[in-house]
Amino acid sequence: MASRVNTSFTLIPTQKYRRRNHRSSRFSNILDPDSQPLSTLGNFKALPLEIFQIILKCLSVKDISVLSMVSKTVSQHIINYISTSSGSKRLLLQDFHNLELPDRRQDSTILEHYRSLGLLFKRCTLLLPTKERLKYIHKILAEVSCFKFNGCVTPLQCLGLPCYGMFLQTLTAGWDELECHRVYNFLCELTNLSRNMQTVVCSKPGVATKLELWIRLFCRNVFLDRWTHQSDSAFWLTCILKPWPMVNQARLLYIIFGPVAPQDGQVVWQKMIEGPADEPSLKGLADAIKLLYDTGTKEWTADDVISLVDELSVVPREWLLENNAHLLILSGNSVCFTFMASKAMNGRAIELARLIVFLALVCEKELYCMDWAVKMMQKVCKVFSTPVERNNFLQSVANAFAYVIMEMLQSVLSGEYAYHDEDNRSFLDLFHLVHAQANFHKEVLYLTMNTLST
């Protein structure tokens, strides 16, 4: 289980990586137009530079990226064109707030443009060392305010960061992990991302709401979303989380993937505490947990992920057990079983029994298959080493059903809740729990009778 980490003082994490010994002097003249011979221009040699740039204006971004591979000199002239005011104006589209087109066609059009632009920069800067490559690209993109951390006044209605993320993904596709680490470190230094993260994890939840929003938008849009392969998303999520202590990892995970208010995008910190959360509120967190568990990266062991889930369940305070159970169901069978087996092996059978009750409740309310909960309990029973421990656990499950039902019934009868109120969740929960108990035990009987008949 995850240990609680003292966060009274948290240092900004620094993670150093082995850097290759680039001999940048070999490339020092690549961006110097005066040092390039014209002999490699071929038939373009006879064209004045102005005519060459007019030709570029007639080509699509994809065609320009193909042309850049003809020779180093042609590539250099294309770089020079990108650096001109007319070239940058044409290539760096900034229509990020035009929401007039139906069916979000504007979104796909401008995202596709920046995918092509990322490929163009990838090919033009191919011979540069990573550090020089990133400096040059940053110099070109720096004039786009919507690409900056906290650079747009209407970030929820802006496509700037998604376009920046698409550009970055195309640029870094196929790079090895060491080079991608350099990209992450470069962007962290550029945006003060680590210091901003330190501010939110050391503050009370909900105090730095604007900073929480920007961290969520920047991490999701620039690093995490729209990757084709899960291993890529897992790599960037690992870069974000791993430098921090476990308790801060859980806080950052909630900020990036937790529920938000639809009107302003701010993180809803009380969602898991005040009442049952719906599936959309939990799905982002569950998908992130599943991603870290299933991709099998060397940085994340099964114990690491289970400890992270355990730590997450107390952010910002202890969750309702129903929300815990729902998160485990959405996280998949492997995560759910490993979490429950860990409790069984650590002598926490009573906690485990209550968790079984709420797994059944969630299955009943969300119309999931109840036989899944029974089979999960059956699988967990095999973790106990002796028949006595197993029987005690099963007795604890039966007792937990009775105890939770009595808790809910007492709340209704005490007048604390008016059962005739349509919005009364307590009475509905009692209704669902009684049905959940009946259906759970029905599946147990089916399983028992089918076993006897065979």
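In this predicted model, the sulfur of Cys369 finds its closest cysteine sulfur in Cys363, at 8.1 Å, which is too far for a bond. Cys369 itself is exposed, with a relative accessibility of 54%. Cys219 offers a useful companion case: its sulfur lies 8.1 Å from that of Cys188, the closest cysteine sulfur, and this too is too far for a bond. Unlike an exposed residue, however, Cys219 is buried, at a relative accessible area of 0%. Since a disulfide requires two cysteine sulfur atoms within 2.5 Å, neither of these 8.1 Å separations qualifies. For the structure as a whole, the count of disulfides comes to zero.

Turning to the overall fold, the chain contains 21 helices and zero strands. Of its 454 residues, 48% are buried. The accessible surface amounts to about 23,100 Å², and carbon and sulfur atoms account for 54% of that area. When contacts between residues at least 6 apart in sequence are considered, 72% of them join residues at least 24 apart.

The interior is a good place to look next. The largest nonpolar core comprises 137 residues, and Phe96, Phe223 and Phe440 have the most contacts inside it. Helix 18, spanning residues 349-366, gives the most to this core, contributing eleven residues. Around Phe96, leaving aside residues up to four places away in sequence, the contacts include the aromatic residues Tyr114 and Phe147. Cysteines also feature among the residues that Phe96 touches, namely Cys146, Cys158 and Cys163. Ile110, Val144, Gln157, Leu159 and Gly160 complete the set of residues touching Phe96.

Notes:
Residues numbered from 1 in each chain as written. Predicted model: local features only at pLDDT ≥ 70, side-chain atom pairs only at ≥ 80, totals over all residues. Heavy atoms only, no water. Buried < 20%, exposed > 50% of the residue type's maximum accessible area, 1.4 Å probe, protein only. Helix = DSSP H or I, 4+ residues; strand = E, 2+ residues; numbered from the N terminus. Contact = heavy atoms within 4.5 Å. Areas by Shrake-Rupley, 256 points an atom, 1.4 Å probe, with all protein chains shown as cover. Core = buried A, V, L, I, M, F, W, Y, C linked by side-chain atoms within 4.5 Å.
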